[in-house]
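Morning, everyone. I have one structure to show today, so let me put it up.

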Amino acid sequence: MNEWALVGVGVVVLGFALRLNALLVVVAAGLATGIAAGMDLQRILELTGGAFLKNRFLMVFVLTLPVIGLLERNGLREQAERWVLGLTRLSTGRLLLAYQALRQVAAMLGLTHLGGHPQTVRPLLVPMAEATATRGVGPLPERVRERLRAMCAGTDNVGLFFGEDVFVAFGAVLLMQSFLAQHGHAVEPLAIALWGLPTAIAAFLVHGARVARIDHRMAAEIERIRTQAARA
Amino acid sequence: MSALSPIYLLVGGVLALLALRTARDAGNPRRAAGALFWGVLAALFVAGDFMSPLLVGVLVVVLALLAGFGGVVRGTRVERDPIERADSAQRLGNRLFLPVLLIPAATVAGVYGAKFLQVDGKPLLSGQEATLLALSLGCLLALVAALRATRERPLVAIGAGAGLLDAIGWAALLPLVLAVLGGLFAAAGVGDAVAKLVSVVVPTDSRFACVLAYCLGMAAFTMIMGNAFAAFPVMTGGVGLPLLVGLHGAEPASMAAIGMLCGYCGTLMTPMAANFNIVPAALLELRDSHAVIKAQVPTALMLLAANVAIMHAVVFRHAG
């Protein structure tokens, strides 16, 4: 074992803390890790190239972009706003709460693709959230708008993460089951999936409570910005 | 060549168009470097199957250098007039939603349908291949539907997609490069070094301390690796199984399930999980690339505490 292998971790932490270009930091950390582990440069580059080719599937999301881009050009976001404003009693908090519930329950049923940042968050959830927020608290200052958008993205992540693990055929459940089996513990995948439920419920309550308060928080923040502006 | 090669060809096509657009964009101050970045990336997707791993490795370093020294900046935007967009929304109405909903619907249908594609009782496609092919097919179907609804030309759609990719910028490549780093970490034995560190500092005779070490270890190591799946075997093999199961008689299924979810709390808090945290910030055009992480940290910390409590309450239920 080789403690020098941790050099790469140090490069990553330092690089992100200094806000250097993340792409450069990560590639530099890979090179540093390989060198620290005593590999020669050619071997490091070959490992890098091989892993890159094998992981190209991570860019397949690019294929959603022409569809979303074309529809946005033709008024998708405007239509999302129009549609949501027809629901006169919908607050931003309720909208996000409904989205979180849908996302989490769908993921629990294995339907992890019924959502995502390019597919639903950017073209649908964000314009709807901004429209309901503007209806509720008036025009959104830049800072409030940024936070609301970030919360939309976070709500998609939380709903996905703490739903998918309850689905028994999900990759993570099978990964855990095969790992435990390799180490001499025979357990049912269903047992692992069901023990994801308490955390799933906790996630819904914890994040749901934050999301439900978002209208009050936005109003308070706008009030604070106004008083600051009035004083200045 | 693999079952996914045709998909990579399509991705490469979008990348190539962005490279062309960048090369011709007189308003972009770094257009040569930017066109080179997207062009090299397009080549890796179109022709990667025919390149040696060494050449690919060198090109990845070239991409990192181009992005690292400011070569990839957003080009001039050619957005459609907001009034035209509003008119179009009025005219097309809810028909605009149909293609968006077609992507997930076709993906889900394709994933289930692929299970019936069998040769001699074995599935023709792996689960991952089936998912990606179904997603791609869903995108193509949705594209056809969107083109018919809007009566635009296909090249306009690819151009609009390239424009969105330009807005995301080099961050689009980050998840892929992080997966490469994960492979190098594994080859160099980073996991074993971390597990050894954790087991050295934990007072092992305390049940609670062991639960805490496993849960926090999963979260912290996931933050380093950007992926709970990479952290799970390391922390469970190094801390969970020997200390919690071996020493204190914890039940493995519940320990593993809750341990993995501690890792997910880590995923919510790290820029290393770029596809969940950094790419969306770029996609939503946020000025602070860490804004999504900041929005998630309170949820993640409260859930991590809940996980420690849940694990401590349930894993020892069969132990004395």
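I'll take the interface between chains A and B, then one pocket. Keep in mind that this is a predicted model.

Start with the interface. On the chain A side, 105 residues are in contact with chain B, and they meet 134 residues there. The area buried between the two chains is about 10,800 Å². Carbon and sulfur atoms give 79% of that area.

Now the polar part. How many salt bridges does the rule find across the interface of chain A and chain B? It finds 6. Here is one of them: Arg122(A) pairs with Glu285(B), with the closest N and O atoms 2.8 Å apart. For polar contacts between chain A and chain B, the count is 24 residue pairs, both partners at pLDDT 80 or more.

Which element of chain A gives the most to the side that touches chain B? That is helix α8, residues 142-164, with 13 residues. By class, this side of chain A splits into 65 nonpolar, 25 polar and 15 charged residues.

On to the second largest pocket. Its volume is about 740 Å³. The lining holds 30 residues. Nearest the centre lie Glu72(A) and Arg122(A) from one chain, and Arg77(B), Glu79(B) and Leu164(B) from the other. So we meet Arg122(A) again: it forms the salt bridge with Glu285(B) and lines this pocket.

Chain A brings α4, α5 and α7 to the lining, each with two or more residues, and chain B brings its own α7. That α7(B) gives the most, with 7 residues. By class, the lining has 16 charged, 9 nonpolar and 5 polar residues.

That's the tour. Questions, please.

How values were computed: Residues are numbered from 1 along each chain as its sequence is written. Chains are lettered from A and ligands numbered from 1 in the order in which they are written. This is a predicted model: local features need pLDDT of at least 70, side-chain atom pairs count only at pLDDT 80 or more; totals for chains, interfaces and linings use all residues. Side-chain values use heavy atoms; hydrogens and water are left out. Contact means heavy atoms within 4.5 Å. Buried area is the accessible area (1.4 Å probe) that two parts lose on being put together, summed over both. A salt bridge is a side-chain nitrogen of Lys or Arg within 4 Å of a carboxyl oxygen of Asp or Glu. A polar contact is a pair of N or O atoms within 3.5 Å; within protein, one must be able to donate a hydrogen and the other to accept it, and residues adjacent in sequence count only if both atoms are side-chain atoms. Helices (H or I, at least four residues) and strands (E, at least two) are DSSP runs, numbered from the N terminus. Ala, Val, Leu, Ile, Met, Phe, Trp, Tyr, Cys and Pro count as nonpolar, Asp, Glu, Lys and Arg as charged, and the others, Gly among them, as polar. On a 1 Å grid over the protein atoms alone, a cavity is a set of points where a 1.4 Å probe fits but cannot get out, and a pocket is an open set with protein on both sides within 12 Å along at least five of seven lines; lining residues have an atom within 4 Å of a point. Grid points are joined across faces, edges and corners, and a volume is the space filled by probe spheres set on the points.
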